[in-house]
Amino acid sequence: MAEKHFKYVILGGGVAAGYAAREFAKQGINKGELAIISKEAVAPYERPALSKGYLFPQGAARLPGFHTCVGSGGERLLPEWYEEKGIELILSTEIVKADLSSKSLTSAAGATFTYDILIIATGSSVIKLTDFGVQGADANNILYLREIDDADKLVAAIQAKKDGKAVIVGGGYIGLELSAVLRLNNLDVTMVYPEPWCMPRLFTAGIAAFYEGYYANKGVKIVKGTVAVGFDSDSNGDVTAVKLKDGRVLDADIVVVGVGGRPLTSLFKGQLAEEKGGIKTDAFFQTSVPGVYAVGDVATFPMKLYGDLRRVEHVDHSRKSAEQAVKAIKASEEGKSVEEYDYLPYFYSRSFDLAWQFYGDNVGDTVLFGDSDPASAKPKFGSYWIKDGKIFGAFLEGGSADENNAIAKVARVQPAVSDLNVLTQEGLQFAAKI
Ligand code: FAD
């Protein structure tokens with residue numbers, strides 16, 4: 001098979017790839033210099049839409065509506081845009097071998113691509129229950145959500161099992177967003193998770209109590225403190241029930257599993273330094289091999305604000321890390337440098353009429369402020385995380401753009417607080433003063 005050479009190759013065609021391509025175009029590239037190689041069949045798109053607008057019962061989001069970079073208010077890069085810029089989109093192409101010493105990538109179909117500079121943007125894959133040999137987990141309609149093909153399977157299942165029963169396994173943001181959108185599709189929804197409350201990696205008990213109450217008011221049932229240990233299916237192989245460790249059995253026409261992801265780094269095992277489950281990079285996203293960069297979900301990078309190394313699986317970081325890497329690549333070609341990446345962690349989620357944002361680090365003591373009554377007409381509440389007398393993290397449900405900016409600033413500035421009771425009283429007012 002023919003070998004194709006590009007000056008720059010972006011491996012992966014997700015969020016980071018789209019933002020990297022836009023930055024390359026901004027900085028200036030010649031036609032034919034850049035290729036994006038992606039397993040997916042479509043140009044880069046804003047992945048968060050898959051668990052939100054894509055599954056709406058009415059007015060559902062569809063491509064080309066949510067190609068990057070619309071998710072951050074930017075230009076929508078349609079396939080024509082890539083063509084115009086002379087950026088080659090090599091789609092439906094899975095790379096199965098990467099040899100960094102010969103700077104070559106080999107596809108499943110046997111094609112070879114060589115490069116001068118490689119940006120690894122392979123993102124994450126979902127953890128499947130079949131990975132742990134959970135009994136019956138290969139039944140039909142036990143679904144996962146990472147790529148657009150997965151979302152299409154879910155849409156088909158929602159249509160095939162109209163007004164049926166859905167069980168959501170996992171209480172993270174995927175579980176919460178999917179429970180809400182399946183409920184909007186009029187399915188009878190039950191969430192199952194082992195932890196004492198939802199989103200335990202971020203939410204405090206107080207924050208979670210609001211969402212669990214709100215979901216219950218919307219008719220979502222929640223089963224906590226147990227896990228799915230097996231599935232029943234009918235003679236067609238379609239799932240019919242979820243068996244729980246505590247002995248209960250839940251009827252199910254659709255099961256959606258959201259139990260986390262794993263960064264896709266296996267192509268580079270033994271070829272690149274790794275750290276904390278990701279590919280180790282410097283503050284410019286260059287890996288241990290010169291000319292090879294890693295961005296988005298796969299990168300473990302120096303978090304300047306906290307003086308440690310972290311891997312972040314959030315869309316905002318995938319965009320910004322991609323831009324940083326391309327700026328650094330282009331600057332180094334001119335013998336210049338760019339400033340170190342100085343990221344403020346930012347994560348958000350939306351479901352039903354709710355929308356929250358979180359900035360910073362969720363460490364230390366917490367205070368809860370505002371109206372967190374799930375029955376309120378317009379709930380608005382938040383939390384601060386306080387360590388060593390300073391605010392490190394801030395969460396806000398129902399905030400306006402200005403209010404969200406204010407809590408972001410608090411997390412960045414880390415103001416001192418002397419009295420947690422006063423902070424609780426002041427709530428959002430405290431952020432407005434910073
Ligand atoms: P991805 O966007 O996953 O892109 C990786 C790309 O690489 C894919 O196209 C994949 O097919 C391709 N690829 C992988 N391996 C190969 C290979 N061997 N050969 C060829 N191509 C390959 N974050 C938030 O902050 N807020 C949210 O609300 C939110 N919602 C989300 C909802 C869903 C359903 C999902 C799945 C994620 C969500 N995220 C959210 C997380 C966010 O989308 C990711 O952090 C982000 O997409 C990471 O960007 P990335 O470019 O690193 O990886």
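Colleague: In what order do the strands of the open sheet of three strands stand?

Modeller: This is a predicted model. The sheet is open and has three strands, with antiparallel pairing. Their order is β12-β13-β14.

Colleague: Which strands stand at the edges of that sheet, and why is one side of each left without a neighbour?

Modeller: An edge strand here has a single partner strand, so one side of it has no neighbour in the sheet. That holds for two strands, β12 (228–233) and β14 (249–251).

Colleague: By how many degrees are neighbouring strands of this sheet turned against each other on average?

Modeller: Direction is ignored for this angle. Neighbouring strands of the three-stranded sheet are then turned, on average, by 25°.

Colleague: Which residue of β13 stands opposite phenylalanine 231?

Modeller: Start with the pairing. β12 and β13 (residues 239–244) run antiparallel and share five bridges. Across from phenylalanine 231 stands valine 242.

Colleague: And which residue in β14 does valine 242 stand opposite?

Modeller: β13 also pairs with β14, again in the antiparallel sense, over three bridges. In β14, the residue opposite valine 242 is leucine 250.

Colleague: Which glycine in the turn between β12 and β13 has a positive phi?

Modeller: These two strands form a hairpin, with five residues between them. One glycine in the turn has a positive phi of about 90°. The residue is glycine 237.

Colleague: What about the turn of the hairpin between β13 and β14: which glycine has a positive phi there?

Modeller: Four residues lie between these strands. The phi is about 100°. The residue is glycine 247.

Colleague: Now the open sheet of five strands. Which strands stand at its edges?

Modeller: The order is β8-β15-β9-β10-β11, with parallel pairing. Each edge strand has a single partner, so one side lacks a neighbour in the sheet. The edge strands are β8 (142–143) and β11 (221–224).

Colleague: At about what angle to β10 does helix α4 run?

Modeller: Helix α4 (residues 173–184) lies across β9, β10 and β15 (254–257). β9 (residues 165–169) and β10 (residues 188–193) pair in the parallel sense over five bridges. The helix runs to β10 at about 165°.

Colleague: Which residues of the three-stranded sheet's β12 and β13 pair, Phe231 and Val242, does valine 255 touch?

Modeller: Valine 255 is among the residues that touch the most other members of the largest nonpolar core, which has 124 residues. Residues up to four places away in sequence are not counted. Its contacts include Asn141, Val167 and, from the pair you name, both Phe231 and Val242.

Conventions: Residues are numbered from 1 along each chain as its sequence is written. This is a predicted model: local features need pLDDT of at least 70, side-chain atom pairs count only at pLDDT 80 or more; totals for chains, interfaces and linings use all residues. Two strands pair if DSSP finds at least two bridges between them. Axes are lines fitted to C-alpha atoms, for helices over the stretch in contact, and angles run from 0 to 180 degrees between N-to-C directions. Two residues are in contact if their C-beta atoms, placed from the backbone, lie within 7 Å. A nonpolar core is a set of buried Ala, Val, Leu, Ile, Met, Phe, Trp, Tyr and Cys residues joined through C-beta atoms within 7 Å. A residue is buried if 20 or more other C-beta atoms lie within 10 Å of its own, exposed if 12 or fewer, and partly exposed in between; C-beta atoms are placed from the backbone.
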